[in-house]
Amino acid sequence: MNCLKAEEQFSAYIEDELDYQAVRTFEAHLNTCESCRRELALFRESLDLLHQLPQIKPSTEFDVTLQARLADTHVESIPFWQRVLQPLHGQARWALSGVAALLVILVGFYFYQKTLTKSPSVDTAVAPETSRAAPVAKEREVKQQLPLAVPSQELQSLVKFPDSSVLDLQPVRGSQQPQSATLDLQQLRGTQQSQLPESDMQPVPENQQPQRVEQNYILRTINYTEAPTEGGL
Amino acid sequence: MPDLDDELMKQCQQGNIEAFDLIVRRNQVPLVNFIARFLGDQDSAEDLAQETFVRMFKAIKRYKSGAAKFSTWMYHIASNLCKNELRNRGRRGRFFADGVATESSSGTEPTEEDLIATAPAHVSLQPSNQLEQKEREYAVQSAISELPERYRLPLVLRDLQELSYEEISETLNLPLGTTKSRINRARLMLKDKLRSFVESS
Ligand SMILES: [Zn+2]
């Protein structure tokens with residue numbers, strides 16, 4: 001073991017994260033290397049200093065200012081899809097997901113047929129990212145058969161699809177909505193949202209972000225409907 | 001083990017907004033400390049801690065109970081705000097390396113009078129001890145502030161906020177191995193920065 005390798009293990013060594021053999025190798029090096037012994041001692045001392053930093057007390061205005069800011073803040077409502085899927089459990093969710101996926105595929109084929117007659121140029125095809133959820137056979141079919149470069153206007157209408165399909169399904173959610181009436185007062189959507197970069201919130205699954213217009217759109221949508229909403233942060 | 005903050009968030013979701021007050025009360029000190037130690041600047045820290053609470057409040061309905069620890073969520077939001085703040089400072093050409101608690105606005109090494117004047121009045125501490133303590137805090141805070149962001153953030157989460165490696169890797173969306181090696185690297189840098197202070201005292 002050389003000094004560089006030894007240094008890499010300082011934290012693991014003092015936090016007991018090395019296995020028996022690694023500890024022996026590490027200590028064998030220490031025994032022969034004065035420099036590493038000194039550096040390890042300094043390492044420990046500087047960590048002690050860090051741990052001894054006193055706690056900072058928030059100022060007396062902290063609470064007042066925060067209360068004022070919270071009074072101006074509205075609880076944001078949940079995006080459509082989440083609201084529909086969240087209260088559903090087990091089979092209901094799977095059934096709904098299946099229906100949605102099927103609709104997406106059907107619409108995909110519909111536009112596929114249309115574009116076949118219009119623009120057969122498929123040159124920009126790039127291997128679509130193989131993203132998260134287990135790809136099902138159906139997706140592969142779609143991937144192979146769908147021209148990946150679709151005229152943008154038609155993509156636009158494709159993009160609108162998920163929302164309008166949700167509108168059809170809305171009755172499902174009425175009875176099972178768990179949120180209480182007090183919070184629903186604030187459901188005016190999007191008053192503050194524009195100033196709020198989504199990335200600062202919980203890591204938002206990409207399906208809740210504005211749909212990007214791109215070639216593997218359909219793959220994404222399918223993945224979404226199969227991703228359980230309770231996953232992620 | 002059920003997490004109390006998580007329970008309180010569930011209460012908020014059921015319409016009991018007062019539960020959020022408790023969340024604030026339980027978390028404001030760790031949050032302000034985290035941001036203040038990271039930025040080396042208490043005023044901005046309070047502003048960003050408030051912003052963190054505001055964003056959590058807005059997102060009450062989107063919070064997914066049990067999917068991750070509440071603290072991971074909170075530090076994730078705060079970390080992103082901190083990174084933005086540093087980026088904005090870079091753009092404005094401002095940089096603070098002076099210590100949080102020294103509160104000397106000049107940015108230079110605090111004088112003895114500065115230190116005594118701003119030291120918390122604590123009866124049991126002799127003035128000389130107070131001075132020593134202030135000097136030590138200044139040295140350590142300066143060393144932290146000099147670390148590059150991607151090392152500083154995990155170091156503060158680990159050694160000051162005492163999060164586990166797993167929690168830090170979730171908070172920062174980093175692989176566990178990367179998290180561990182960054183923290184070790186950060187501590188090695190800190191050791192080098194504190195060398196002269198440790199050896200002179
Ligand atoms: Zn060595």
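In this predicted model, helices H4(A) and H9(B) are roughly perpendicular to each other (a label for angles of 65 to 115 degrees), because they pack at an angle of about 90 degrees, with their axes 9 Å apart. The axes are lines fitted to C-alpha atoms over the stretch in contact, and angles run from 0 to 180 degrees between N-to-C directions; helices are DSSP runs of H or I with at least four residues, numbered from the N terminus. Residues are numbered from 1 along each chain as its sequence is written, and chains are lettered from A in the order in which they are written. Local features need pLDDT of at least 70.

The contact, in which C-beta atoms placed from the backbone lie within 7 Å, involves residues of H4(A) including Leu42(A), Phe43(A) and Leu50(A), and residues of H9(B) including Arg187(B), Leu190(B) and Val198(B).

H4 (34–51) of chain A and H9 (176–200) of chain B are also among the helices that each supply at least two residues of the largest nonpolar core, a set of buried Ala, Val, Leu, Ile, Met, Phe, Trp, Tyr and Cys residues joined through C-beta atoms within 7 Å, where buried residues have 20 or more other C-beta atoms within 10 Å of their own. H2(B) gives the most to this core, with nine residues, while Ile35(B), Met74(B) and Ala78(B) touch the most other members among its 48 residues. A second, separate core of six residues includes Ala6(A), Phe10(A), Cys36(A) and Leu40(A).

Chain A as a whole has 12 helices and zero strands, and 17% of its 233 residues count as buried.

How values were computed: Predicted model: local features only at pLDDT ≥ 70, side-chain atom pairs only at ≥ 80, totals over all residues. Buried ≥ 20, exposed ≤ 12 C-beta atoms within 10 Å, placed from the backbone. Parallel < 35°, antiparallel > 145°, perpendicular 65-115°, else oblique. Contact = placed C-beta atoms within 7 Å.
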